[in-house]
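Colleague: I am new to reading protein models. Could we go through one together, step by step?

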Amino acid sequence: MTRLLEEAFSKVSGLPDSEQDELARALLELAGVDQPPIQLTAAEEADLAEAEAEIARGELASADEVRVMWAKHGL
């Protein structure tokens, strides 16, 4: 293992378990290991259904609203 990868694992080990798992799935996927679909909770399913309904109604964020959101997060 390279020093850089060891450093990355060291930093990631301090993150919450859910974030560690998300990063592990991404790394395995990049390494060519297929990952099973993520199982959503009931609350996540409800949020997704509401988002899809908003899209169907044409309730989309404007370009300005998207820029404000990105700026809020320093991007």
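Modeller: Happy to! We will take the overall build, then the pocket, then two single residues; keep in mind that this is a predicted model.

Colleague: Which pattern does the protein follow along the sequence?

Modeller: Start with the elements: the protein has four helices and zero strands. Reading along the sequence, you therefore meet helices and no strands. The pattern is α-α-α-α.

Colleague: Is the protein more spread out or more compact than the globule rule gives?

Modeller: For 75 residues, the globule rule gives 11 Å. The radius of gyration of the protein is 18 Å, well over that value, so the comparison with a compact globule comes out as more spread out. The C-alpha atoms also fill a box along the principal axes, of roughly 50 × 30 × 25 Å.

Colleague: What percentage of the 75 residues is buried?

Modeller: To count as buried, a residue needs a relative accessible area under 20%. The protein exposes about 6700 Å², with carbon and sulfur atoms supplying 59% of that area. Among the 75 residues, the buried share is 0%.

Colleague: How far apart are the mean positions of the positive and negative charges?

Modeller: There are 6 positive and 17 negative charges to place. Taking the mean position of each set, the two points are apart by 9 Å.

Colleague: Which helix gives the most to the lining of the largest pocket?

Modeller: The largest pocket has a volume of about 150 Å³, and its lining includes Leu5, Phe9, Leu23 and Leu27. Two helices each supply at least two lining residues: H1, covering 3–12, and H2, covering 17–30. With five residues, the one that gives the most is H2.

Colleague: Is Met69 buried, partly exposed or exposed?

Modeller: You can find Met69 in helix H4, residues 63–72. Its C-alpha lies 25 Å from that of Ala26, with their positions 43 residues apart in sequence. The class between buried and exposed runs from 20% to 50%. Met69 has 36% relative accessibility, so it counts as partly exposed.

Colleague: And Ala61, is that residue buried or exposed?

Modeller: Ala61 sits in the loop between helix H3 (42–56) and H4. From Ala61 to Lys72 is 11 residues in sequence and 15 Å in space, C-alpha to C-alpha. A residue over 50% falls in the top class. Because the relative accessible area of Ala61 is 54%, Ala61 is exposed.

Note on methods
Residues numbered from 1 in each chain as written. Predicted model: local features only at pLDDT ≥ 70, side-chain atom pairs only at ≥ 80, totals over all residues. Heavy atoms only, no water. Rg over C-alpha atoms; globule rule 2.2 N^0.38 Å. Buried < 20%, exposed > 50% of the residue type's maximum accessible area, 1.4 Å probe, protein only. Areas by Shrake-Rupley, 256 points an atom, 1.4 Å probe, with all protein chains shown as cover. Lys, Arg positive; Asp, Glu negative; His and termini not counted. Charge placed at Lys NZ, Arg CZ, Asp CG, Glu CD. 1 Å grid on protein atoms, 1.4 Å probe; cavity = no way out; pocket = protein on both sides within 12 Å on 5 of 7 lines; lining within 4 Å. Points joined across faces, edges and corners; volume = space filled by probe spheres on them.
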